[in-house]
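This report covers the nonpolar core, the salt bridges and one surface patch of the protein shown below.

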Amino acid sequence: NVPAATAIGLALLGLVLLLTWRAPWGLVALLTVVSVMGIRELGRAMAAQEVQLIAVPLYLAAAAMPALAFHYGLPAMVIAYTLCMVSVFGWRMVRGNHGFVRDVAANTFMLAYIPLLISFVTLILASDHGAERISVFLLLNVASDTGGWVAGVLAGKHPLASRISPKKTWEGLAGSLVISAGLGAWLAPTLLDAAWWKGVVLGLVLAFVATYGDLSESLMKRDLGVKDMSDAIPGHGGVMDRLDSILPNAFASWLLFAVLL
């Protein structure tokens, strides 16, 4: 249902931008909820593959890391991540050796994939001109998704990775790159007080990373045997189905802002 999915997507984007500019603490709270929901969704999907969710350290990390990153910065985020990772080993140790490596590897992956990457969003928010940077990060991500979808529907003929995501095409990737780079060229001087070419670099990198994240999530779902992580967001699937491109782009944006600005 494209109209319904579009309306919900725009409403979510509007909510996030409103919180970014008017109530940053509200965005941190929303990201904390999203982090917890992401752990729940991915943990349930992995449980079907007999992976044991080590719930306490993962939910603690999901609940604490975004706020710690926002209030105390990168060192606090790294310390929290390390403590939770060590806790995963200790918590799983008491359950015996059967499946120990599998469970620790899966839970450590979830810890890094969800709360750690989400925390880079709050790091950006806490930086100088954080609202402007969050807006650019989100708008370029939306531009990449939209450009890829439109170009894929209108002109998509050559599969990009047919064994992973049959609907992804090279034409769609080209659309993502063009639209995201074009919007970046306008947003950089408008919101970031930066040269237009820096916006082009931001747009191209984020479009590429968004596609990479989307394909990675598709491959993950194929391996887990699920179509969507859940039905939490009508027309979009689960929370993790909306975060597939945002999560890796959170780190990419934080790094690019630090280097280019």
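## Core, charge pairs and a surface patch

L42 and Y113 touch the most other members of the largest nonpolar core, which has 61 residues. Helix α5 supplies the largest share of this core, 13 residues. A nonpolar core here is a set of buried Ala, Val, Leu, Ile, Met, Phe, Trp, Tyr and Cys residues joined through side-chain atoms within 4.5 Å. Buried means under 20% relative accessible area, exposed over 50%, and partly exposed in between (1.4 Å probe, protein chains only). Neighbours within four places in sequence aside, L42 is in contact (heavy atoms within 4.5 Å) with F109, M110, Y113, I114, M220, L224 and M229. In soluble globular proteins, nonpolar side chains tend to be buried together.

The model is predicted: local features need pLDDT of at least 70 and side-chain atom pairs count only at pLDDT 80 or more, while totals for chains, interfaces and linings use all residues. Residues are numbered from 1 along each chain as its sequence is written, and side-chain values use heavy atoms, with hydrogens and water left out.

The model has 4 salt bridges, each defined as a side-chain nitrogen of Lys or Arg within 4 Å of a carboxyl oxygen of Asp or Glu. Three of them are listed here, including their N to O distances.

| Salt bridge | N to O distance |
|---|---|
| R92 and D103 | 2.7 Å |
| K168 and D214 | 2.5 Å |
| D241 and K221 | 2.8 Å |

Helices (H or I, at least four residues) and strands (E, at least two) are DSSP runs, numbered from the N terminus. D241 lies in helix α9 (residues 239-243) and K221 in helix α8, so this pair ties together parts 20 residues apart in sequence. Both D241 and K221 are buried. Salt bridges that share partners also join R92, R102 and D103 into one network.

The K168 and D214 side chains meet in a salt bridge. That pair links parts 46 residues apart in sequence, because K168 lies in strand β2 (residues 165-169) and D214 in helix α8 (residues 196-224). K168 is partly exposed at 23% relative accessible area, whereas D214 counts as buried at 16%.

On the surface, W149, V150, V153 and L154 make a nonpolar patch of about 450 Å². Patches consist of residues with over 30% relative accessible area and no salt bridge, with like charges joined within 9 Å and nonpolar side chains (Val, Leu, Ile, Met, Phe, Trp, Tyr) within 5 Å. Accessible areas come from the Shrake-Rupley method with a 1.4 Å probe; for residues, only the protein chains shown count as cover. L154 belongs to helix α6 (residues 130-155) and is exposed, at 71% relative accessibility.
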